[in-house]
Every structure is written in C-alpha cells, then in structure tokens.
Amino acid sequence: MESFGETLRKTREARELDLERVSSETNITVNYLDALEKEMITVFPSESYLIGFLKNYSEYLNLNPDQIVNMYRAMKIQIEAAPLDKLLEPPKKIPWYLIICITLGVAILSVAAVLIVKSNTKRAAMRDEIVLTVPEHSTYKVSTKPIQKRLYAGDLIEVYITEDKEPFVLTVNDTSGVLILDTPMGTQVVELGEESEIDLDGNIGGELSIFLSDISRTDSARGAEVQMLVISPEAENTVTEIQPKTEESASLVTELVAETTASGLKRTIVFEGVSAYPVTLNANFRNQCMFRYKVDNSSPVENFLTTNQNVSISANNGFRIWMSNANAVKLQVIGGGRSVDLEIGRPGQVLVEDIKWIRDDDGKYKLVVMEVE
C-alpha cells in the first residue's frame with residue numbers, strides 16, 4: 001500500500017506540476033511540500049501545523065484529505081510504537097500554562113488554515129472566471145499586417161487575401177497539445193514552435209502564415225497563442241520569377257551561397273525570404289565530440305556525444321554551436337518545409353559557428369552560417 005507521501009508525489013507528477021507552481025497556488029513553501037512528499041514529519045513545528053498543510057495540499061490535488069490524514073496517522077503509529085513500560089506509566093498532568101499555549105497555538109493555526117483555504121478558493125474562482133469569460137466564438141480578421149492572438153475552440157479566422165474578394169474562413173477545431181484548424185482545403189495541424197503556410201485556394205503556395213508560440217499539452221481551455229499574417233501576393237510573385245526553369249539553373253539555386261561581407265567575415269547563406277521563421281537544427285554524431293549549443297537567448301547546454309547519437313533543437317532567431325571535433329558532426333537545417341545538409345569542419349578542428357537570421361542590406365531575411373573567432 002502506498003504511503004501518504006508517495007500518493008501526494010505521484011498525483012502531482014501525474015498532473016505535471018512542479019513544486020514551485022504548487023507552492024505559488026497553495027501558499028505552502030517548497031520545503032514543506034517536499035517534506036510532506038518525503039514524509040519528513042520532524043520538519044514541521046507541530047503536528048497541527050503538519051495536518052493543516054497536509055489537508056490543504058490534498059484538497060489542491062483533488063485527493064480525499066481525511067484519507068490522506070489517516071494514512072499519515074497509521075504511518076506515525078508504526079514508527080512511534082511506545083515501549084510497554086511507558087504504556088503502563090500513569091498519565092502525567094500537563095501544566096495549565098502549557099495547555100493555554102497549546103490552545104492558543106491551535107487557534108492561530110486554525111485561523112491561518114482557514115485563510116489559506118479561502119485564498120485558494122478565491123484563486124480557483126478567479127481562474128474559473130477567466131475561463132468562463134473567454135468568448136465562445138471570437139472572429140479575427142487577418143491581412144498582410146501580422147497579428148498575435150490567443151485562439152480557442154470555435155473561434156473563426158477570416159483571411160483577406162485581397163480587398164475585393166470574400167475572405168477565406170478557418171475554424172479553430174481544438175487547442176489541446178496541438179492547434180487543429182478546419183480550412184477550406186481540409187484539416188490543418190500546427191505544432192508548438194512550428195510555422196506553417198496554409199493553402200486556402202488549392203493553388204501552389206500558401207496564403208496564410210501561422211506560428212504557434214504557446215499551447216498547453218493537456219488543458220484546451222488555455223487556448224493557443226499564435227502569430228498570423230497573409231503572405232502577400234507580391235512576395236509570391238517575386239518567388240515565382242526566380243524559380244529555376246531548367247535542371248541546370250535548379251542546381252545553381254539550391255546550392256549553398258558562400259560570400260564575404262563588407263567587414264571581411266565569411267558566411268554561407270542557407271535560406272532567404274521576406275521574413276524570418278523558426279528553424280530546426282539536427283546534429284548527427286559519427287565520432288566522439290564535446291558539443292555545446294545556445295538557442296536564441298537561453299542558457300548554453302553542453303554534452304559529450306559519440307557515434308550514432310543525435311541532438312535536435314529548434315529556434316526562432318538562431319543558434320550558436322561549439323564543437324571540439326567539427327568533422328565528427330553532420331548538421332542539417334530544417335525550415336520552411338526545406339532541409340539543407342551542412343558540412344562545416346575538419347577532423348580535430350575546434351569550431352564555433354553562428355547559425356542565425358539576419359536582415360541584409362537588400363531588405364531580405366537570410367539564415368546564414370558564420371564562423372565565430
């Protein structure tokens with residue numbers, strides 16, 4: 001049979017809650033929550049204090065507080081079994097002043113517990129009110145000007161390609177784990193961190209760009225935060241004009257472009273377009289290598305990797321990577337529905353590279369690979 005501490009911990013982990021969030025929503029400090037889960041009862045100043053927090057934590061996890069308290073008391077009896085000579089001793093009288101102190105302490109703790117429960121109830125009611133006040137069916141109009149909204153199931157998205165035509169209408173089907181949209185061309189699924197170009201008219205190319213920046217894996221009531229804009233017809237026409245017309249020109253267009261900037265830095269252009277979009281970097285290791293990477297503005301991550309191990313990371317703006325043996329790593333960049341393989345180092349070479357979006361002098365966004373000195 002599980003102990004009360006194991007029950008608390010497993011229930012919290014099943015709901016994917018960390019102790020910091022539980023502490024914030026219950027007003028119980030992290031060290032007391034951790035002590036409850038590890039059954040470290042000596043941490044608490046008194047049993048009344050422990051039981052009050054135990055009931056509060058149990059209610060927060062939707063457990064039966066009386067059952068959890070009974071589990072605690074059963075455990076306490078087992079670990080605190082009194083010797084027979086102690087049981088035969090006549091009960092000692094408790095000093096009157098100690099009784100008064102205990103009574104006052106229990107009263108204070110009871111008042112504190114009531115205030116904590118009321119505070120949690122109020123917070124829960126506020127969360128429920130926020131969910132209930134979300135409009136059941138909001139309608140958002142999207143044009144070539146980017147907008148950022150939080151979408152909920154049932155919301156409508158009106159996409160205006162041109163002013164003289166009726167808009168295409170998309171319906172938000174679900175926002176649990178992934179964003180599911182019902183479009184004129186069928187169902188479209190967008191995953192967290194993914195930018196999708198959605199085809200609305202059946203012609204080549206997408207008309208709507210949508211980037212999913214935030215979504216709950218389990219709670220659809222929290223909705224999905226997205227950035228949306230119409231892909232301008234002018235941008236589509238520009239791309240069409242430079243599409244390769246022959247096999248020879250196609251090979252030239254798809255090759256990586258290496259160039260030297262005005263400041264003398266060497267760089268290789270991987271992708272370019274009218275806007276930047278999220279990209280994924282896959283690193284496949286074919287030999288031993290110390291590999292460190294930093295995504296956007298996050299903290300660096302470092303690991304020692306060896307043959308047949310892989311690392312896959314995604315970024316909105318770019319990466320900085322450090323390799324102790326550059327030839328041991330095969331890199332692949334994926335973005336905008338395309339993938340490009342990069343071979344950027346020699347055996348035994350220590351190399352630091354930036355793979356990032358820049359806005360060039362010609363106004364275009366370019367994903368470039370640049371060596372860092």
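**Exercise 1. Is Thr11 buried or exposed?**

Solution. Start with the ground rules. The model is predicted: local features need pLDDT of at least 70, side-chain atom pairs count only at pLDDT 80 or more, and totals for chains, interfaces and linings use all residues. Residues are numbered from 1 along each chain as its sequence is written, and side-chain values use heavy atoms, leaving out hydrogens and water.

Step 1. Recall the cut-offs: buried means under 20% relative accessible area, exposed over 50%, and partly exposed in between (1.4 Å probe, protein chains only).

Step 2. Thr11 has 19% relative accessibility, so Thr11 counts as buried.

Step 3. Place Thr11: the residue sits in helix H1 (residues 4-14). Helices (H or I, at least four residues) and strands (E, at least two) are DSSP runs, numbered from the N terminus.

Step 4. List the partners. Setting aside neighbours within four places in sequence, Thr11 is in contact with Leu61 and Leu63. Contact means heavy atoms within 4.5 Å.

**Exercise 2. Describe helix H4 and what follows.**

Solution. Step 1. H4 covers residues 47-60, which is 14 residues. From first C-alpha to last, H4 reaches 20 Å, close to the 20 Å expected at 1.5 Å a residue. The expected span is 1.5 Å times one less than the number of residues.

Step 2. Look for buried residues in H4; among them are Leu50, Ile51, Phe53 and Leu54.

Step 3. Move past the end. Just after H4, Asn62 takes a positive phi of about 60 degrees.

**Exercise 3. Compare the placement of three salt bridges.**

Solution. Step 1. Define the term: a side-chain nitrogen of Lys or Arg within 4 Å of a carboxyl oxygen of Asp or Glu. By this rule there are 10 salt bridges. Side chains of opposite charge can pair when their charged atoms come close.

Step 2. Take Arg21 and Glu25, which form a salt bridge at 3.3 Å, N to O. Both lie in helix H2 (residues 19-26), four residues apart, so about one helical turn separates them. Arg21 is partly exposed at 42%, and Glu25 is buried at 18%.

Step 3. Take Asp214 and Arg150, whose salt bridge spans 2.7 Å, N to O. Asp214 lies in strand E8 (residues 208-215) and Arg150 in strand E2 (residues 147-151), so the pair ties together parts 64 residues apart in sequence.

Step 4. Take Arg320 and Asp354, also joined by a salt bridge of 2.7 Å, N to O. This pair links distant parts of the chain: Arg320 is in strand E16 (residues 318-323) and Asp354 in strand E19 (residues 351-359), 34 residues apart. Arg320 is partly exposed at 40%, while Asp354 is buried at 10%.

**Exercise 4. In what order do the four strands of the open sheet run?**

Solution. Step 1. The order is E15-E12-E17-E18, with antiparallel pairing. Two strands pair if DSSP finds at least two bridges between them.

Step 2. Find the edges. E15 (310-315) and E18 (338-342) each have a single partner strand, so one side of each is left without a neighbour in the sheet.

Step 3. Zoom in on one pair. E12 (residues 279-285) and E17 (residues 329-335) pair in the antiparallel sense over six bridges. Ala283 stands opposite Leu331 in E17.
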